[in-house]
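Hi,

Here is the structure I promised to pass on. Have a look at it first, then read my notes underneath.

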Amino acid sequence: MSADTSDPVSSIPNLGPASEAAFARAGIHSATELREIGADEAYRRLLLSGSAPHFIGYYVLVMGLQGRPWNDCKGAEKIALRKRFDAIKASLTGTKEKGRSDLEAALQFFGVVERR
């Protein structure tokens, strides 16, 4: 799928060209698609595509999808988002291969998924 130039990911506040490229590698090509799947699923897909986990990147995404500046995340809200971020990371751990779920690693081992 090619990028939707009329609805780029970078049209979401806080997200620029680097974010747009990372989301494209994760199979997310428009702001509409990103909004539809939400921050948690989008971030999970970023990690599965090989992006390194960074809490700041996660909450920047959450704030952007809410139309808020990235530095608006504070206090109890930031603590709650850290728990969500940690849960997303934990759901993908268990393999030695960065960014791969156990199922994906097993499928790759048996040749169902292409090796990176």
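Below is what I found, starting with the whole chain and ending with one helix.

First, some ground rules: residues are numbered from 1 along each chain as its sequence is written. This is a predicted model, so local features need pLDDT of at least 70 and side-chain atom pairs count only at pLDDT 80 or more, while totals for chains, interfaces and linings use all residues, and side-chain values use heavy atoms, with hydrogens and water left out.

The mean pLDDT (the predictor's confidence in each residue, from 0 to 100) is 85 for the chain, and 76% of the residues reach 70 or more. The chain has 5 helices and 0 strands (both are DSSP runs numbered from the N terminus: helices are H or I with at least four residues, strands are E with at least two). Helix 2 (residues 31-48) has the highest mean pLDDT of these elements, 96, and helix 5 (residues 102-109) the lowest, 61. Where pLDDT is low, don't read the predicted coordinates in detail.

Of the 116 residues, 34% are buried (under 20% relative accessible area; exposed is over 50%, partly exposed in between, with a 1.4 Å probe and protein chains only).

Now find helix 4. Its buried residues are Leu81, Phe85 and Ile88. They cover an arc of only 60 degrees around the axis (taken from the directions from the helix axis to the C-beta atoms), so they sit on the same side of helix 4. On the other side, Ala76, Ile79 and Lys83 are exposed. Helix 2 and helix 3 (55-65) are among what covers the buried residues of helix 4.

Cheers

Methods
Contact means heavy atoms within 4.5 Å.
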